[in-house]
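Work through the exercises below with the sequence and the structure at hand. Each task is followed by a solution in steps.

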Amino acid sequence: MTDDDADGEVPREEFHEDPIGHAAVRAGMTAGDLAAEYGKAGIGAAKMGRAVDVYAEMLARDDVTNFFGLAGAMVPGGMRQVVTDLIRDGHIDVLVTTGANLTHDSIEAIGGKHHHGRTGPEGQERDHDERLRDEGVDRIYNVYLPQEHFTLFENHLREHVFPAFEGPVAISEFTRELGRANAAANADVDEDAGIAAAAYENDVPVFVPAIQDSVLGIQAWMHSQVSEFTLDALADLTNVTDVAFDAERTGATVVGGGVPKNFVLQTMLTVPEAYDYGVQLTTDPASTGGLSGATLDEARSWGKLEKSAQNVTVLGDATITLPLLVAAARDRLD
């Protein structure tokens with residue numbers, strides 16, 4: 001029996017004194033200041049503070065190749081410029097996203113706009129969406145998109161993107177051409193050329209592993225019915241693996257879940273190493289057992305993250321957490 005046992009006290013092996021600090025907010029704070037206050041607190045604030053620490057270190061190191069997964073309705077939701085600027089500033093080396101995000105990105109690049117909208121009043125949701133249908137307006141939660149913008153996009157593809165190809169092409173080569181076309185069409189448009197154009201101009205590959213699940217993919221399929229054009233998804237596994245294999249260190253930033261998240265993480269199953277850093281922003285809890293909620297700690301069990309990797313998962317709406325993460329990390333870098 002130890003002296004502690006004799007006194008009725010249990011030795012503390014897990015507990016280490018680290019008192020919670022109470023976050024203080026004031027006028028004139030920077031995003032970096034706010035993130036530091038989050039780091040003093042507990043629960044979700046502590047996760048957000050830790051995410052900024054990990055993300056800032058990931059960006060600060062010149063030897064880290066940054067893989068960025070972008071799912072969800074992030075472009076219609078207003079996150080387009082955040083991602084575009086990250087590409088231009090060299091903070092994204094590989095982008096994995098959805099055909100939907102590239103569709104909406106391209107619409108804005110060539111002159112279309114998304115608009116503030118609303119969900120239907122309680123008890124009138126169906127009537128609200130039936131009216132939008134009659135008016136030719138598509139709804140993405142509280143964002144509206146007039147359907148004529150899809151016609152603009154489809155004409156853009158037929159006239160400026162599809163003619164560049166004959167026969168099979170890797171999806172990442174197709175998205176590169178889309179970026180070139182978006183940049184060219186944007187010259188007279190009062191809006192940033194956007195994500196695909198920035199990726200083209202900065203030689204950042206854009207992978208869309210579930211491209212058929214989008215208007216962009218549907219249009220590609222329709223063009224394949226009248227030409228020799230087709231998209232080769234397997235070719236992209238070679239392209240993304242080459243980037244991962246050549247990287248000295250790697251970091252994964254995953255916004256949302258689904259196919260982009262899995263494609264980013266599974267890349268490390270094809271090379272000898274694994275991710276050294278990881279930040280995930282998601283709305284889904286891990287308790288459902290679903291992919292979108294699976295923590296990065298779970299990915300470690302698969303060998304997708306190094307045992308020693310620094311990683312954190314933050315639960316919350318990514319249209320709120322992503323700008324804070326990026327702004328605070330930029331403060332740290334400055």
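A residue is called buried when its relative accessible area is under 20%, exposed when that area is over 50%, and partly exposed in between. The model is a predicted one.

**Exercise 1. State how many residues of α5 are buried, and list them.**

Solution. Step 1: apply the cut-off of under 20% to the helix. Ten of the eleven residues of α5 are buried, so the helix is mostly covered.
Step 2: name them. The buried residues are G99, N101, L102, T103, H104, D105, S106, I107, E108 and A109.
Step 3: look at what comes after the helix. α5 is followed by G111, which has a positive phi near 120 degrees.

**Exercise 2. Place G112, classify it as buried or exposed, and find its contacts.**

Solution. Step 1: G112 sits in the loop that runs between α5 (99–109) and β3 (115–116).
Step 2: its relative accessibility is 0%, so G112 counts as buried.
Step 3: with neighbours within four places in sequence set aside, G112 contacts I107, H149 and L152.
Step 4: take H149 from that list. It lies 37 residues from G112 along the chain, and the C-alpha atoms of the two are separated by 5.6 Å.

**Exercise 3. Classify L34 and T65 by accessibility, and give the contacts of each.**

Solution. Step 1: L34 belongs to helix α2 (residues 31–40). Its relative accessible area is 24%, and L34 is therefore partly exposed.
Step 2: outside the neighbours within four places in sequence, L34 is in contact with V25, M29 and L324. The C-alpha atoms of L34 and A24 are 8.3 Å apart, with their positions ten residues apart along the chain.
Step 3: T65 is part of strand β1. A relative accessible area of 16% is under the 20% cut-off, so T65 is buried.
Step 4: not counting residues up to four places away in sequence, T65 touches D93, V243, A247, R249, T250 and G251.

**Exercise 4. Count the aromatic pairs, then describe the geometry of F67 with Y275 and of F162 with F174.**

Solution. Step 1: rings of Phe, Tyr and Trp are paired if their centres lie within 6.5 Å. By this rule there are seven aromatic pairs.
Step 2: F67 and Y275 are 5.6 Å apart centre to centre, with 80 degrees between the planes, and form an edge-to-face pair. This pair links distant parts of the chain, since F67 is in strand β1 (residues 64–70) and Y275 in strand β10 (residues 275–282), 208 residues apart.
Step 3: check accessibility. F67 is buried at a relative accessible area of 1%, and Y275 is buried at 0%.
Step 4: the ring centres of F162 and F174 are 6.0 Å apart and the planes are at 5 degrees, so this pair is stacked. F162 is in the loop between α7 (148–160) and β6 (168–170), F174 is in helix α8 (residues 171–185), and the two are twelve residues apart. Both F162 and F174 are buried.
Step 5: extend the search from this pair. Ring pairs join F162, F165, F174 and F229 into a cluster.

**Exercise 5. Find what lies over the face of F15 and of W302.**

Solution. Step 1: for F15, the residue over the face is R12, at 4.9 Å from the ring centre.
Step 2: for W302, it is K304, at 4.7 Å from the ring centre.

**Exercise 6. Describe how α4 crosses α14, and sort the residues of the contact by type.**

Solution. Step 1: the axes of helix α4 (residues 80–88) and helix α14 (residues 318–333) come within 10 Å and cross at roughly 35 degrees.
Step 2: the crossing of α4 past α14 is left-handed.
Step 3: α4 contributes V82, D85 and L86 to the contact, and α14 contributes L322, V326 and R330.
Step 4: these divide into four nonpolar, no polar and two charged residues.

**Exercise 7. Summarise the chain as a whole.**

Solution. Step 1: the protein chain has 14 helices and eleven strands.
Step 2: its C-alpha atoms fill a box of roughly 85 × 50 × 40 Å along the principal axes.
Step 3: of the 334 residues in the protein chain, 46% are buried.
Step 4: among contacts with a separation of 6 or more, 76% are between residues 24 or more positions apart.

How values were computed:
Residues are numbered from 1 along each chain as its sequence is written. This is a predicted model: local features need pLDDT of at least 70, side-chain atom pairs count only at pLDDT 80 or more; totals for chains, interfaces and linings use all residues. Side-chain values use heavy atoms; hydrogens and water are left out. Helices (H or I, at least four residues) and strands (E, at least two) are DSSP runs, numbered from the N terminus. Buried means under 20% relative accessible area, exposed over 50%, partly exposed in between (1.4 Å probe, protein chains only). Contact means heavy atoms within 4.5 Å. Rings of Phe, Tyr and Trp (its six-membered ring) pair if their centres lie within 6.5 Å; planes under 30 degrees apart count as stacked, over 60 as edge-to-face and the rest as tilted. A charge sits over a ring if NZ of Lys or CZ of Arg is within 6 Å of the ring centre and within 35 degrees of the ring normal. Axes are lines fitted to C-alpha atoms, for helices over the stretch in contact, and angles run from 0 to 180 degrees between N-to-C directions. A crossing is left-handed if the near helix is turned anticlockwise from the far one by less than a right angle, and right-handed if clockwise. Ala, Val, Leu, Ile, Met, Phe, Trp, Tyr, Cys and Pro count as nonpolar, Asp, Glu, Lys and Arg as charged, and the others, Gly among them, as polar.
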